[in-house]
Amino acid sequence: ICCMCSRLFSLLAVRSSVAVELWSSAGAKQPFEHKPNLPREETKSSRSICFSPDGRYFAYSNGVEVKVLRVPPPNVASNTGNGSDWPEQCRLPRPKAFYLKFSPRGNYLCTWEHYAITKDRPEGAANLLVYDVATGNEVFAIVQKNQTDWQPSWSSDESIFALVVGGEALFYDLAAGPAEGFATTSRKIGGSRGGMLSLGPGNCPPFLAFYTPGAKGAPSMCKLYKYPALGQNQTVACKSFFQADRVEMLWNKRGSGLLLLTSTEVDKSGASYYGNQAVHFMATKGDTCSVPLSKEGPVHCVKWSPKANEFVVVYGFMPSKAALYNLKCDVIFDFGEGPRNCAYFNPFGNLIVLGGFGNLPGAVEVWDVSKREKIANLKCADTTHFEWHPNGEWFVTATTAPRLRISNGFKVYHYSGALLHETLWPQGQELLGIEWQAYADNTFAEPKITKAKHEGIKSSQPEASKKAYTPPHLRLLKEGKNPEKYLPQSTVPGLPAAAAPGAGANKNKKKNNNNSNKAKGNINSKREAGDATPPEAAATATAPTESQEQQPQLTANQFGESPRRQAPNKQQRPLPRHLQQQQQVQQLDQHPVEFGTPRHYANGNVAGFNNSNTADKDRKIRSVAKKLSDIKKLKSRQSQGETLELNQLNKIEMEGKYLEELKALKLSA
């Protein structure tokens, strides 16, 4: 496939709430759109789309079955036609398929669906299946309950298939073909529940990593092996570590280096809500080390460069740091600090994007890795999906459901920051997924990076104002107006205008008058009903007593002070604390605070209520921490592909606000 043909025909697979379709563009300045010669199927139940790694096949689910289409060469696909150039390779009877994943060479397709128990099959049916794409035949089936790490592992030449079941690693040798290879396991590695396996790319036979979580005070362990030597004394390298509830294993492209991102669910030191993370390095030569991080806080992202000789880590409390490391785990470049939580190398490793998505405002930085300089800054708000094009020059950002159900759509950018294409989704429809067409290796030449600004289009979405906020009184001063003229005037001598009683005070005044009239009406009704209370006694009941008149009155400057208590009689036992507080409340009720301020809590410092304020603060901290814990669980469910309700998505959006609130409460405690 020549580079020019691929440039002139770029495909985007689009999954929406109404259809699965392919869009194309004839060039950098041409829009992406669906064309009549490209496949499209109307369906509201598609859960997954994917291209094979070499770009030969395109697979998607439609709620009834899984279809696999053959992708024609670019010079054929770019011609107009009726879609006959996209023949069906096979159909798979998987109506509930949730995930789809091709093998490295595209000869097998794995499907996963939610594990379920029925009356007919109380033991549950197999939910992880492998199909031969050439024939459409099922060649392997097994129960895999784990949704997070459901994908099996393959060697690069597809001769080894492996997966973990019940903590035990199972290996299948497919050199003699799928029928014989999947019939029985060729090797096993025993382990405990929670074990993880990953086969490295590149080498054949491959290196592999097997992780075993720690138990009963023993550390967690990750061991490297060279297949098929899997004995206990045949490890290539070994790394042990504590504080690891789970681990993410990341191989470089050559399969010579492995990064381990370890994490705990809870940070016992209380320093981080997100638990405790660490990064470790292992090499197939036997070297191991821990990656040094110079700032405290969570590890947001770890990515290998496609060049396989360096990697980037984004870490630390916001603003986070980003640093580039070599294979000795030395920092070779520091990108500084900023509001970012993810990193993306282009397919050639000569460009990297540092972005702040999710709860961050969407700042995007494009860096030239070799020259160590920033090329572009742009804003991609509400981004839920980011992906480089295989040509290494373009990237797509998208806002998709169910993460966000409004403002769905996608944009295509040039690395210089120029906007090449924009599509906003119609009202009432949702964009669920988007994916670039894959290509075989060496299809594109490595792009030459320049600082030249690429010509683009103007976005139809309004830009957020870049002006600094100016308070109203300063705006009035700039206009040459007197701010005091526009503030409510005080009717109380000695008080500023801002403290003047407004509509709220008048409302309270009316309410007090209504209550007074109501009380008088009650007295009159009692008298009419034959109440024995004389008029003089009734009048006395509404007037302050002599002892009440002698108590100090609360003024505007004194309403935060507590009334003076009389010393208890020596012969009389002091009242219990709760009765003393009740007595203070009754005293304050007789002297309500002016200007509509709620009684008892005018300044929050009334005697006897300091302990109550502390208890309220503790209660608020517990409440906010509970909300953050709920959000963490929702995000975990969302990352596993579960569709959340609108109120749950709104709750996730409040995470940043709750974190700030929790921080403020702890500082004021």
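This text goes from the whole chain to one buried strand and then to one buried glutamate.

The model is predicted. Its chain has 669 residues, and 42% of them count as buried. The secondary structure comprises 11 helices and 37 strands. Take the contacts with a separation of 6 or more: residues 24 or more positions apart account for 47% of them. The accessible surface of the chain is about 36,600 Å². Carbon and sulfur atoms hold 50% of that surface.

Now go to strand 6, residues 57-61. Five of its five residues are buried, so the strand is largely enclosed by the rest of the structure. Which way do the residues of strand 6 point? Tyr57, Ala59 and Ser61 point one way. Phe58 and Tyr60 point the other way. Such a pattern has a general background. In a regular strand the side chains alternate between the two faces of the sheet. In strand 6, the residues pointing either way are all buried.

Strand 6 has a partner before it in the sequence, strand 5, and another after it, strand 7. Start with strand 5, residues 49-51. Strands 5 and 6 pair in the antiparallel sense, over three bridges. Within this pairing, Cys50 has Ala59 of strand 6 as its bridge partner. The two strands form a hairpin, with five residues between them. The turn contains Gly55, whose phi is positive, at about 80°.

Then follow the chain to strand 7, residues 66-70. Strand 7 also runs antiparallel to strand 6, and five bridges join the two. Here Tyr60 stands opposite Lys67. Strands 6 and 7 form a hairpin too, with four residues between them. Gly63 lies in that turn and has a positive phi of about 90°. Strand 6 thus takes part in a hairpin with strand 5 and in a hairpin with strand 7.

The last stop is Glu365, in strand 31, which spans residues 363-368. Is Glu365 buried or exposed? Its relative accessible area is 11%. The limit for a buried residue is under 20%, so Glu365 counts as buried. What does its side chain meet? A polar contact of 2.8 Å links the Glu365 side chain to that of Arg340. Another polar contact, of 3.0 Å, joins the side chains of Glu365 and Trp367. Leaving aside residues up to four places away in sequence, Glu365 touches Arg340, Ile352, Val353, Leu354, Lys374, Ala376 and Asn377. Arg340 thus appears both among the residues touched and as a side-chain polar partner.

Technical notes
Residues are numbered from 1 along each chain as its sequence is written. This is a predicted model: local features need pLDDT of at least 70, side-chain atom pairs count only at pLDDT 80 or more; totals for chains, interfaces and linings use all residues. Side-chain values use heavy atoms; hydrogens and water are left out. Buried means under 20% relative accessible area, exposed over 50%, partly exposed in between (1.4 Å probe, protein chains only). Contact means heavy atoms within 4.5 Å. Accessible areas come from the Shrake-Rupley method with a 1.4 Å probe; for residues, only the protein chains shown count as cover. Two strands pair if DSSP finds at least two bridges between them. A polar contact is a pair of N or O atoms within 3.5 Å; within protein, one must be able to donate a hydrogen and the other to accept it, and residues adjacent in sequence count only if both atoms are side-chain atoms.
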